[in-house]
Amino acid sequence: MIYPILLVVHNTLRWLVFGSLLASLGGSYWGWVKNSTYRPFDQTLRVVATSLAHTQLLVGFYLYAKSPIVSYYWKFSPDASQSPEFRFFALIHISLMIVSVVIMTIGSSKAKRQRLAQQKFKTTALYFTISLLLILVAIPWPFSPLAARPWLRSF
Ligand code: HEM
């Protein structure tokens with residue numbers, strides 16, 4: 001069955017998205033503050049973070065189509081919408097994550113077109129910060145009151 005595999009992949013990919021986003025963000029703030037030159041490595045970090053987020057989006061759509069929680073929600077809505085956890089995955093998680101990845105993509109392509117290193121660092125820093133904040137809110141952390149999921153999953 002594909003569902004448990006998707007869950008493991010989606011869970012693990014979260015750490016890669018999170019880590020690459022933090023790395024690109026750290027590099028951008030550092031470059032912005034220190035007035036550094038924009039190195040190919042900065043571009044690689046930005047592109048890798050955005051690509052991982054796109055991959056996570058695709059896995060997320062697949063998971064959405066296979067999730068028993070989501071299908072239960074749509075089958076028994078509006079009754080099922082009483083459950084905060086079902087509503088979280090069917091509506092809130094998907095919406096916030098799509099908005100977050102769109103903001104990241106716009107920031108990345110805007111930075112790509114800019115010529116000055118300072119502009120590139122600033123654009124990446126600002127867009128990726130908004131994206132990170134949305135991701136932080138939308139991830140079902142084990143301590144989240146909306147929906148709690150494990151830090152890691154294994155097969
Ligand atoms: C950067 C984007 C995203 C991140 C970081 C992320 C992260 C996560 C994490 C950590 C989980 C918990 C996995 C587990 O239970 O082990 C999860 C669950 C889920 N995600 Fe995402 N997600 C993202 C985008 C999306 C998108 C765009 C969709 C839908 C199109 C989506 C659909 C789902 C669904 C349906 C579940 C729950 C599945 C279930 O328990 O049946 N995710 N997500």
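**View 1. R149 and the residues around it in the segment after α5.** Setting aside neighbours within four places in sequence, R149 is in contact with I69, E85, F89, P140, W141 and P142. This is a predicted model, and in it R149 lies in the segment that follows α5, the helix spanning 117-138. One of these contacts can be described in more detail, since the side chain of R149 makes a polar contact with the side chain of E85, at a distance of 3.0 Å. Is R149 buried or exposed? R149 counts as buried, because its relative accessible area is 18% and the cut-off for buried is under 20%.

**View 2. The whole protein chain, as a setting for the other close-ups.** The secondary structure of the protein chain comes to five helices and zero strands, and from the N terminus on the elements therefore read α-α-α-α-α. Taken along the principal axes, the C-alpha atoms of the protein chain fill a box of roughly 55 × 30 × 25 Å. The protein chain has 155 residues, of which 41% count as buried. If one looks at contacts between residues at least 6 apart in sequence, 75% of them join residues that are at least 24 apart.

**View 3. The ligand and the shell of residues around it.** The space that the ligand takes is the largest pocket, and 22 residues surround the ligand, the closest being Y3, H10, S67, H93 and R153. Which helices supply at least two residues each to this shell? They are α1 (2-34), α2 (40-66), α3 (68-76) and α4 (84-113), and among the contributors α2 gives the most, with six residues. Sorted by the character of their side chains, the residues of the shell divide into 13 nonpolar, six polar and three charged.

**View 4. Polar side-chain atoms beside the ligand.** Three residues of the protein chain can be followed here one after another. A polar side-chain atom of H10 lies 2.7 Å from a nitrogen atom of the ligand. For S67, a polar side-chain atom is found 2.6 Å from an oxygen atom of the ligand, and for R153 the corresponding distance, again from a polar side-chain atom to an oxygen atom of the ligand, is 2.4 Å.

**View 5. The loop between α3 and α4, with P78 and S81.** P78 is found in the loop between α3 and α4, and the peptide bond that joins S77 and P78 is cis, with omega at about 10°. S81 has its place in the loop between α3 and α4 as well. Leaving aside neighbours within four places in sequence, S81 is in contact with Y73 and R87. S81 and L91 are ten residues apart in sequence, while their C-alpha atoms are 9.7 Å apart in space. With a relative accessible area of 13%, S81 is buried, because that value falls under the 20% cut-off.

**View 6. N35 in the loop between α1 and α2.** N35 is found in the loop between α1 and α2. What is the sign of the phi angle of N35? The phi angle of N35 is positive, at about 60°, although N35 is not a glycine. N35 has a relative accessibility of 57%, so it counts as exposed, the cut-off for exposed being over 50%.

**View 7. Two residues of helix α2, T50 and V47.** T50 has its place in helix α2, and V47 is found in helix α2 too. How do their accessibilities read, one after the other? T50 is buried, with a relative accessible area of 7%, whereas V47, at 38% relative accessibility, counts as partly exposed, because this value lies between the 20% and 50% cut-offs. Not counting residues up to four places away in sequence, T50 touches M104, T105, S108 and F128. For V47, a distance to a residue far along the sequence can be given: V47 and F143 are 96 residues apart in sequence, and their C-alpha atoms are 31 Å apart in space.

Key:
Residues numbered from 1 in each chain as written. Predicted model: local features only at pLDDT ≥ 70, side-chain atom pairs only at ≥ 80, totals over all residues. Heavy atoms only, no water. Near = heavy atom within 4 Å. Polar contact = N/O pair within 3.5 Å; in protein donor to acceptor, adjacent residues only side chain to side chain. 1 Å grid on protein atoms, 1.4 Å probe; cavity = no way out; pocket = protein on both sides within 12 Å on 5 of 7 lines; lining within 4 Å. Sits in = over half its atoms within 2 Å of the grid points. Helix = DSSP H or I, 4+ residues; strand = E, 2+ residues; numbered from the N terminus. Nonpolar A, V, L, I, M, F, W, Y, C, P; charged D, E, K, R; others polar. Buried < 20%, exposed > 50% of the residue type's maximum accessible area, 1.4 Å probe, protein only. Contact = heavy atoms within 4.5 Å.
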